[in-house]
Amino acid sequence: MLLKQFNVLNFHSNIIRTIINNYMGREGVDDDPEIRSSRARYSGLVRRKAYEFDGLGDYCDKEWDLMEGDGKKFCWYHVELPKGNQKLSQSAQYLIDVLCPPLKLQDILSLVSNGPYCAHVDGALVFRVNSPAPPSSNFTFRLAARVTQNSVITVSLGRVPRLGFSPVGQSLLSEIPSVESPKFGMDRGGIVIKEHVLDFLLTMNHSEEADNPVPKSVSNLVVHIIDTHVDHLEDVVTKLEIELDSVEVDLDKGGFSLKRQLLDNRRFPKMHLELQRLLQVIAHGEQVFPRVKEKCSVKDWFGNEDINSLEELIGRLRRLKENVGFISNRVTAVQAGLDSWQAEQINRKLYCLSFLSIIFLPLSIITGLFGMNVGGVPWTQQRDPKLKNGFRNVMLVCVGTLILVLLCFLFPFLYGRINGWRKQRALKRNWSINRKSFLKRTIGGGERGGGYLRL
């Protein structure tokens, strides 16, 4: 227990020393070999991108200095955390190593923590949609941003498609390619792409980085970041739909081995769990993005067109949530079909066993009866003339015991039937008595009282 507390204190002391080192710039703190090794280890795991925009539709790459822009210029710094089995504290150490200074520990915690969040931290707007699922999962999405008037700092888990920018003219979608196929040769000219690349492009709901419009303001950049996050979610949903469609087609063909493999691998329960994680991420977006829109609408540097774009993105999230719900219902239906098929297979096997038991039951009864040794059973002494029919006495005792057991099992059923019959008979008798009295009061009383009904 003491060793565990010592490790926790050592971890926090390393974080504090790293912050002091980043803020003060003292080389004496860097003399610690542990901190030096941690910095060398973290530098290759975290990917960084820095852009500077001139506000007129052009941009350029810049150094990682975390400085804000001047005038119309604004900067964007993006940190890409590795997808692995690291703990949340490890991700915090990554960000401390990369973003401190100028960020403080409060900013780091607001960016790296799990769950939805949107608030002002130290004068900057900070929002995040971080899923608490394991980082190594393909359905774990984490995106956080710190927005000021002249700079944006974002943190993502893994690569987000179409998030960055690349020079115009390097886009594959603007070319006229030919697909690599064994039917055609390679001398057709132009760009040749493979078939699996074409399959991947068909699952994309967006263009490439080279086709991204360059933002002219911080509000355009915020809309671009949220737009790429929604596009990433839509890509995952599209892949799930394609995968589910292919599995349904294979199931319609009726393969016994395929159904058995799907049941053994628990394919659809795992897919259902992944859909629930995806729904959680979408729910986080539904909570955070309207608050981002509300807080950005009161800022003078956030354009009205971008406010409308945020509203459209929120609507896309809601429609995406409905689509994921439909996919979840399809997965449930397919799993129910597999369960019914498995139950049918079990019933067939039980039917075969029942048929075998029907064949061997008479044989076992005959061998059991005529193979009994009744010499030691009471009333079966063969030497006593009065008890010479010992076998018959044993059979009578067995039949009596069987009848007693059957009566014990049938007694509740018989009691319920008899009780229901008695109640029904009592109701019929009461109804007949009331009917006779009613007819007596109406018909007979009408002749004596002139047709008036006594109340």
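This report covers the salt bridges, nonpolar cores, surface patch and unusual backbone geometry of a predicted model.

**Salt bridges**

Side chains of opposite charge can pair when their charged atoms come close. The structure contains 14 salt bridges, including the three in the table below.

| Pair | Closest N to O distance | Sequence separation |
|---|---|---|
| Arg162 and Asp227 | 3.3 Å | 65 residues |
| Asp231 and Arg316 | 2.6 Å | 85 residues |
| Asp245 and Arg330 | 2.6 Å | 85 residues |

In the pair of Arg162 and Asp227, joined by a salt bridge, Arg162 sits in the loop between strand E7 (151–157) and strand E8 (178–179), while Asp227 belongs to helix H6 (residues 218–252), so the bridge ties together parts of the chain that are 65 residues apart in sequence. Arg162 has a relative accessibility of 8% and therefore counts as buried.

Asp231 forms a salt bridge with Arg316. This pair links distant parts of the chain, with Asp231 in helix H6 and Arg316 in helix H9 (residues 304–370). Asp231 and Arg316 are both buried.

A salt bridge also connects Asp245 and Arg330. Asp245 is in helix H6 and Arg330 in helix H9, so parts 85 residues apart in sequence are tied together here. Asp245 is partly exposed, at 36% relative accessible area, and Arg330 is partly exposed as well, at 27%.

Through shared partners, salt bridges join Arg162, Asp227, Asp231, Glu234 and Arg316 into one network.

**Nonpolar cores**

The largest nonpolar core has 59 residues, of which Trp76, Phe127, Val147, Phe268 and Leu278 touch the most other members. At least two residues of this core come from each of strand E1 (47–53), strand E3 (74–81), strand E5 (124–130), strand E6 (143–147), H6, helix H7 (256–265), helix H8 (267–296) and H9. Helix H6 provides the largest share, 14 residues.

Which residues is Phe268 in contact with, leaving aside its neighbours within four places in sequence? Phe268 contacts Leu244, Val247, Leu251, Leu262, Val331, Val334, Gln335 and Leu338.

Apart from the largest core lies another of 24 residues, among them Ala50, Tyr77, Ala92 and Ile153.

**Surface patch**

A nonpolar patch on the surface is formed by Ile346, Leu350, Leu353, Phe355, Leu356, Ile359, Phe360 and Leu363, which together have about 780 Å² of accessible area. One of its members, Phe355, is found in helix H9. Phe355 counts as partly exposed, with 48% relative accessibility.

**Backbone geometry**

Most residues other than glycine have a negative phi, and most peptide bonds are trans. The following sites depart from that pattern.

Cys100 and Pro101 are joined by a cis peptide bond with an omega of about -10°. A cis peptide bond also joins Pro101 and Pro102, where omega is about 10°. Pro101 is located in the loop between helix H3 (88–99) and helix H4 (105–112), and Pro102 is likewise in the loop between H3 and H4.

Leu66, although not a glycine, has a positive phi of about 60°. Leu66 is in the loop between strand E2 (59–61) and E3, and at 9% relative accessibility it counts as buried. Asp122 is not a glycine either, yet has a positive phi of about 55°; Asp122 is in the loop between strand E4 (115–121) and E5.

Technical notes. Residues numbered from 1 in each chain as written. Predicted model: local features only at pLDDT ≥ 70, side-chain atom pairs only at ≥ 80, totals over all residues. Heavy atoms only, no water. Salt bridge = Lys/Arg side-chain N within 4 Å of Asp/Glu carboxyl O. Helix = DSSP H or I, 4+ residues; strand = E, 2+ residues; numbered from the N terminus. Buried < 20%, exposed > 50% of the residue type's maximum accessible area, 1.4 Å probe, protein only. Patch = residues over 30% accessible without salt bridge, like charges linked within 9 Å, V, L, I, M, F, W, Y side chains within 5 Å. Areas by Shrake-Rupley, 256 points an atom, 1.4 Å probe, with all protein chains shown as cover. Core = buried A, V, L, I, M, F, W, Y, C linked by side-chain atoms within 4.5 Å. Contact = heavy atoms within 4.5 Å.
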